[in-house]
Amino acid sequence: MTNWDRFLDSFFNARVAAEYLPKIIEGFWLTILLAACIILAGVAAGLALAVLRSLGIRVLNWAIIFVVDLFRALPPLVIIALLYFGLPAAGLSLSGFAAAWLALSLVLMAFTEEIFWAGITAVPKGQWEAARSTGLGFLDTFTLVVLPQAVRMVIPPLTNRTIAITKGTALASVVAVQEILGAAQAGVSFSFNPTPLTLGAVAYLVLFLPVVILGRWVETRFAWKR
Amino acid sequence: MSAAIVEARGVHKHFGGLHVLKGVDLAVRERELVFVIGPSGSGKSTLLRCLNRLEEPSDGSITVDGIDMLDRRTDINKARQRIGMVFQSFNLYPHMTALGNVALALRRVQGLPRAEAEARARQALERVHLADRAGHYPGQLSGGQQQRVAIARAIALEPRVMLFDEPTSALDPELVGGVLQAMRELRESGMTMVVVSHEMGFARAAADRVVFMDGGRIVEEGPPEAIFGNPQQERTRAFIGQIERH
Ligand SMILES: Nc1ncnc2c1ncn2[C@@H]1O[C@H](COP(=O)(O)OP(=O)(O)OP(=O)(O)O)[C@@H](O)[C@H]1O
Ligand SMILES: [Mg+2]
């Protein structure tokens, strides 16, 4: 066997590929499910925190900033490990999926809060003044005038952050979630052949190339015209 | 002589250690057009913004249309509907059409149903000759058109008094005329107006009274012919001389 044959046999082994493809496809859907749950929870919680922060209640804002900085500073893997291996010691055990979902949602929440907050503060003061001068209250001004502009401004950075966190779902393999990477690694250890990893990489490409292209489109589409 | 619609007495404003308004008295009668001039930083904008409480005065009293603006019990959002304001930078909502800009407060503040709010908004746009631009977004309008939409947004609420803070300063010279025309028509319809502006030609032609501010105080006031033609105070003379040379 030449080196080239060995290489092909290791990474592009047709028999192994056929055997583990179904597992990888299952992992593919699981990755999508996990990512969707993270994005929903993370973006909703981040937006909620940014809205709370704009109420300008000092003690509350300190708490928000503390939480946000905490989850931006900790490596996501550490949070997953803490939730998965640490919580049972406190009498609360989470499944690997739940631990990964919660950890990555908290991280996305933290980044999303900062992104929305930056958007809200970037809306010119004159917008507030114009709305208030017509008799609109704080809440109407915020929800109808300021927030729509803020959301529009932050769509590009939000898209990028969302893509980044979705890639982070691979970390869930550490806590035995059979998402793409988890399924691929399991395949490798059963077959003693790295071909499942090749399949995994292809699965990630199939998943992320459209997302990245979509992100690019969003970025140009929502570039703020003034 | 008709009663004062706007009455400010002894208004002071501090920004931290900065004393910006130092006891300003200003009364504006119904249908009067008062022009406020003065050097940069003299407190013209701050005074205007105190009148509808966008700024909180440190001291003094302000009544508008009989409402005590500084009373804690006053519903400020209700009171502000009687005071229209137009800003130098237009401040239109960029994510709404011209019609949406004008209709927003009609719906949310006055509680009109959508159809009625839009009908009223359309009328207001007609008054500034922009009915045909109702569906345009601010980004698709010229600066002059944007400012006229901003005027429509304010007059749609049928205010008792309109405040203008340098409404033409951000415009290219060829667009100033349309905005001044809209203001002139508003004046002819009997609107009470307080205008901060450097448009001296407009002041001469349309103002009932010119107020000159400097250093947070009203230094001199009178009919435009008197203030421009024969100012009594040295500071007024210097300021008028300066702007006339431009
Ligand atoms: N929000 C603020 N915080 C601190 N200082 C302020 C604030 N707003 C205004 N000032 C200060 O108050 C003073 C008066 O400002 P104001 O805007 O009323 O002047 P103005 O007469 O309108 O000047 P201009 O012709 O340049 O518009 C200035 O020294 C300004 O720097
Ligand atoms: Mg000013």
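1. Which side chains meet in a salt bridge at 3.0 Å, N to O? In this predicted model, the partners are R108(B) and D140(A), whose side chains come together at that distance. The count of salt bridges between chain A and chain B is 2, and the pair R108(B) and D140(A), one residue from each chain, is a good place to begin reading the interface.

2. The interface can next be described by its residues and its area. On one side stand 19 residues of chain A, and these are in contact with 21 residues of chain B. Between the two chains an area of about 1,700 Å² is buried, and carbon and sulfur atoms give 59% of that area. Of the area that chain A buries against chain B, 30% is supplied by E129(A), S133(A) and T134(A), which is more than any other three residues supply.

3. Polar contacts add a further layer to this description, since the rule finds 5 residue pairs in polar contact across the interface of chain A and chain B, with both residues of a pair at pLDDT 80 or more. On the side of chain A that touches chain B, the elements giving two or more residues are α6 (125-133) and α7 (138-167) of chain A. The largest share of that side comes from α6(A), which gives 8 residues. Sorted by character, the residues on this side of chain A divide into 7 nonpolar, 7 polar and 5 charged.

4. Chain A also carries annotations from a record. An unreviewed UniProt entry places the feature "domain: ABC transmembrane type-1" at residues 28-215 of chain A. In the model, the chain over residues 28-215 is 81% helix and 0% strand, and the C-alpha atoms at its two ends are 20 Å apart.

5. The unreviewed UniProt entry further places the feature "transmembrane region" at residues 28-52, 59-87, 99-123 and 197-218 of chain A. Two of these spans may be read against the model: residues 99-123 of chain A are 96% helix and 0% strand, with end C-alpha atoms 36 Å apart, while residues 197-218 of chain A are 100% helix and 0% strand, with end C-alpha atoms 31 Å apart.

6. Where does E113(A) form a salt bridge, and with which residue? Its partner is R53(A), and the closest N and O atoms of the pair are 3.2 Å apart. Because E113(A) lies in helix α5 (residues 96-122) of chain A and R53(A) in helix α2 (residues 14-53) of chain A, the pair ties together parts that are 60 residues apart in sequence. Over all chains, a search of the whole structure finds 23 salt bridges.

7. The last point concerns ligand 1. The residues around ligand 1 include F15(B), L18(B), V20(B), K44(B) and T46(B). An oxygen atom of ligand 1 is 2.6 Å from an N or O atom in the side chain of S40(B). For G43(B), a polar backbone atom is 3.0 Å from an oxygen atom of ligand 1, and for E166(B), a polar side-chain atom lies 3.3 Å from an oxygen atom of ligand 1.

Key:
Residues are numbered from 1 along each chain as its sequence is written. Chains are lettered from A and ligands numbered from 1 in the order in which they are written. This is a predicted model: local features need pLDDT of at least 70, side-chain atom pairs count only at pLDDT 80 or more; totals for chains, interfaces and linings use all residues. Side-chain values use heavy atoms; hydrogens and water are left out. Contact means heavy atoms within 4.5 Å. Buried area is the accessible area (1.4 Å probe) that two parts lose on being put together, summed over both. A salt bridge is a side-chain nitrogen of Lys or Arg within 4 Å of a carboxyl oxygen of Asp or Glu. A polar contact is a pair of N or O atoms within 3.5 Å; within protein, one must be able to donate a hydrogen and the other to accept it, and residues adjacent in sequence count only if both atoms are side-chain atoms. Helices (H or I, at least four residues) and strands (E, at least two) are DSSP runs, numbered from the N terminus. Ala, Val, Leu, Ile, Met, Phe, Trp, Tyr, Cys and Pro count as nonpolar, Asp, Glu, Lys and Arg as charged, and the others, Gly among them, as polar. UniProt positions are given in the numbering used here, feature names are shortened, and annotations may be inferred rather than shown by experiment. A residue is near a molecule or strand if one of its heavy atoms lies within 4 Å of it.
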